[in-house]
Amino acid sequence: AGITHGALRALRNAGILERARYMTVSSGSTWFGVALHYQTKDSLDEFLGQTLPPEYLTKENVTSAISGTFISRPVLFPQRINPQVFKTGVGDGEEEQMTTD
């Protein structure tokens, strides 16, 4: 999704994106493509944000709206998810936790 985000910014900045009629996504870029297709709150410029020079790549800048609402507004998972623990929801009503290594 990150490469797709940057590629679309570059296409927009070059004036090419506005002439595109279709976008194809696969694998990781699907996360970006689905959010871009279905979001209705932001303009394309707000959604994509700005490309920042390396000296401005701070935690505050890269997680703010300047980097695009795709980054600053969590769409699917509003709470942080611990990727090491998942609830399996197996069987008889008891929740079992599975950890990944």
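**Buried contacts and aromatic pairs in the predicted model**

Leu 52 has a relative accessible area of 15% and is therefore buried, since values under 20% fall in that class. The model described here is a predicted one. Leu 52 sits in the loop that runs between α3 and α4 (59–62). Leaving aside residues up to four places away in sequence, the contacts of Leu 52 are Leu 57, Asn 61, Ile 66 and Ser 67. For Ser 67, the separation from Leu 52 is 15 residues in sequence, and the C-alpha to C-alpha distance is 7.7 Å.

Another loop residue, Ser 27, is placed between α1 (2–13) and α2. The relative accessible area of Ser 27 is 67%, so this residue is exposed; the cut-off for that class is over 50%. The backbone of Ser 27 has a phi near 55 degrees, which is a positive value in a residue other than glycine.

Aromatic pairs were searched for over the whole structure, and 3 were found. One of them joins Phe 32 and Phe 47, with 5.5 Å centre to centre and 45 degrees between the planes, a tilted arrangement. Because Phe 32 belongs to helix α2 (residues 29–38) and Phe 47 to helix α3 (residues 44–48), this pair ties together parts that are 15 residues apart in sequence. Phe 32 and Phe 47 are both buried.

Phe 32 also pairs with Phe 70: the ring centres are 4.6 Å apart and the planes stand at 75 degrees, so the pair is edge-to-face, the class for angles over 60 degrees. Since Phe 70 lies in helix α5 (residues 69–72) and Phe 32 in helix α2, the pair ties together parts that are 38 residues apart in sequence. Phe 32, with 0% relative accessibility, counts as buried. Together, Phe 32, Phe 47 and Phe 70 form one aromatic cluster.

Two members of this cluster, Phe 32 and Phe 47, recur in the largest nonpolar core. That core has 6 residues in all, the others being Leu 8, Leu 17, Ala 35 and Leu 48. Helices α2 and α3 are the elements that give two or more residues to the core. Ala 35, one of the core residues, touches Phe 47 and Phe 70 when residues up to four places away in sequence are not counted. Ala 35 thus has contacts with two residues of the aromatic cluster, within the 4.5 Å heavy-atom limit.

Terms used
Residues numbered from 1 in each chain as written. Predicted model: local features only at pLDDT ≥ 70, side-chain atom pairs only at ≥ 80, totals over all residues. Heavy atoms only, no water. Phe/Tyr/Trp six-rings, centres within 6.5 Å; stacked < 30°, edge-to-face > 60°. Helix = DSSP H or I, 4+ residues; strand = E, 2+ residues; numbered from the N terminus. Buried < 20%, exposed > 50% of the residue type's maximum accessible area, 1.4 Å probe, protein only. Core = buried A, V, L, I, M, F, W, Y, C linked by side-chain atoms within 4.5 Å.
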